[in-house]
Amino acid sequence: MAIRFRILGPLDVSVDGRAVALNGTRRRPLIGRLLVARGTPVPVERLVEDLWADEPPEGAVRTLRTYVSKLRTRLGDDVVVTDAGG
């Protein structure tokens, strides 16, 4: 499986040459943050801070988990992995 991410300009993600729709304003910074950390766990608290700065909404962790779940659904469980460190 070949996954291509383009984050400069409009967010563009493709899997094996087929476009993957990732709607939502927070998906782009989430993907960007995970790509920067590539292979290194990012703690949930860090992701919440990166996505919402100093004003996370109530339920930010739950919302973040929803975003990650949707990424897994669209990209595959082996692409977006959660472990004890993040």
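D16 sits in the loop between β2 and β3. Its phi is positive, about 50°, although D16 is not a glycine. Most residues other than glycine have a negative phi. This is a predicted model, and D16 is a good place to start reading it.

**The sheet**

Which strands does the sheet hold, and in what order? The order is β1-β2-β3, in an open sheet of 3 strands with antiparallel pairing. β1 and β3 stand at the edges, and each has a single partner strand, so one side of each is left without a neighbour in the sheet. From one strand to the next, the twist averages 30°.

Now take the pairs in turn. β1 and β2 run antiparallel and are joined by 4 bridges. One partnership here links I3 to V15 in β2. The hairpin of β1 and β2 has 5 residues between the strands. In that hairpin, G9 takes a positive phi near 85°.

β2 and β3 also run antiparallel, and 3 bridges join them. V13 has V20 in β3 as its bridge partner. S14 stands opposite A19 in β3. The hairpin of β2 and β3 has 2 residues between the strands, and D16 takes its positive phi there.

**Two strand residues, S14 and R18**

Is S14 buried or exposed? S14 lies in strand β2. Its relative accessibility is 11%, and buried means under 20%, so S14 counts as buried. Leaving out residues up to four places away in sequence, S14 touches A2, I3, R4, A19 and V20. A19 is thus on the contact list of S14, and A19 also stands opposite S14 in β3.

R18 belongs to strand β3, which covers residues 18-20. With a relative accessible area of 65%, R18 is exposed. The cut-off for exposed is over 50%. R18 and R4 are 14 residues apart in sequence, and their C-alpha atoms are 9.7 Å apart in space.

In a regular strand the side chains alternate between the two faces of the sheet. Keep that in mind when you follow a strand in the picture.

**The helices**

Helix α1 spans residues 27-37. Its buried residues are R27, L30, I31, G32 and A37. What do these buried residues pack against? They pack against two strands, β1 (3-6) and β2 (12-15), and against two helices, α2 (44-52) and α3 (60-75). After α1 comes G39, with a positive phi near 85°.

In α2, the buried residues are L47, V48, L51 and W52. Why do they line one face of the helix? Seen down the axis of α2, they fall within an arc of 105°, so they share one face. An α-helix has 3.6 residues a turn, so residues three or four places apart point the same way. The buried residues of α2 pack against α1 and α3.

After α2 comes A53, whose phi is positive. A53 lies in the loop between α2 and α3. Like D16, A53 has a positive phi although it is not a glycine.

**Positive phi values**

The table gathers the residues with positive phi named above.

| Residue | Place | Phi |
|---|---|---|
| G9 | hairpin of β1 and β2 | near 85° |
| D16 | hairpin of β2 and β3 | near 50° |
| G39 | following α1 | near 85° |
| A53 | following α2 | near 55° |

**The largest pocket**

Rolling a probe the size of a water molecule over the atoms shows where empty space is left. The largest pocket has a volume of about 700 Å³. How many residues line the largest pocket, and which lie nearest its centre? The lining has 24 residues, and L34, T40, V79, V80 and V81 lie nearest the centre.

Helices take part in this lining. α1, α2 and α3 each supply at least two residues. Which element gives the most? α3 does, with 6 residues.

**Putting it together**

Go back to the structure and trace three things. Start with the sheet, where β1 and β3 stand at the edges. Then find α1, whose buried residues pack against both β1 and β2 as well as α2 and α3. End at the largest pocket, with L34 and T40 among the residues nearest its centre.

Terms used. Residues are numbered from 1 along each chain as its sequence is written. This is a predicted model: local features need pLDDT of at least 70, side-chain atom pairs count only at pLDDT 80 or more; totals for chains, interfaces and linings use all residues. Side-chain values use heavy atoms; hydrogens and water are left out. Buried means under 20% relative accessible area, exposed over 50%, partly exposed in between (1.4 Å probe, protein chains only). Contact means heavy atoms within 4.5 Å. The arc is that of the directions from the helix axis to the C-beta atoms. Two strands pair if DSSP finds at least two bridges between them. Axes are lines fitted to C-alpha atoms, for helices over the stretch in contact, and angles run from 0 to 180 degrees between N-to-C directions. On a 1 Å grid over the protein atoms alone, a cavity is a set of points where a 1.4 Å probe fits but cannot get out, and a pocket is an open set with protein on both sides within 12 Å along at least five of seven lines; lining residues have an atom within 4 Å of a point. Grid points are joined across faces, edges and corners, and a volume is the space filled by probe spheres set on the points.
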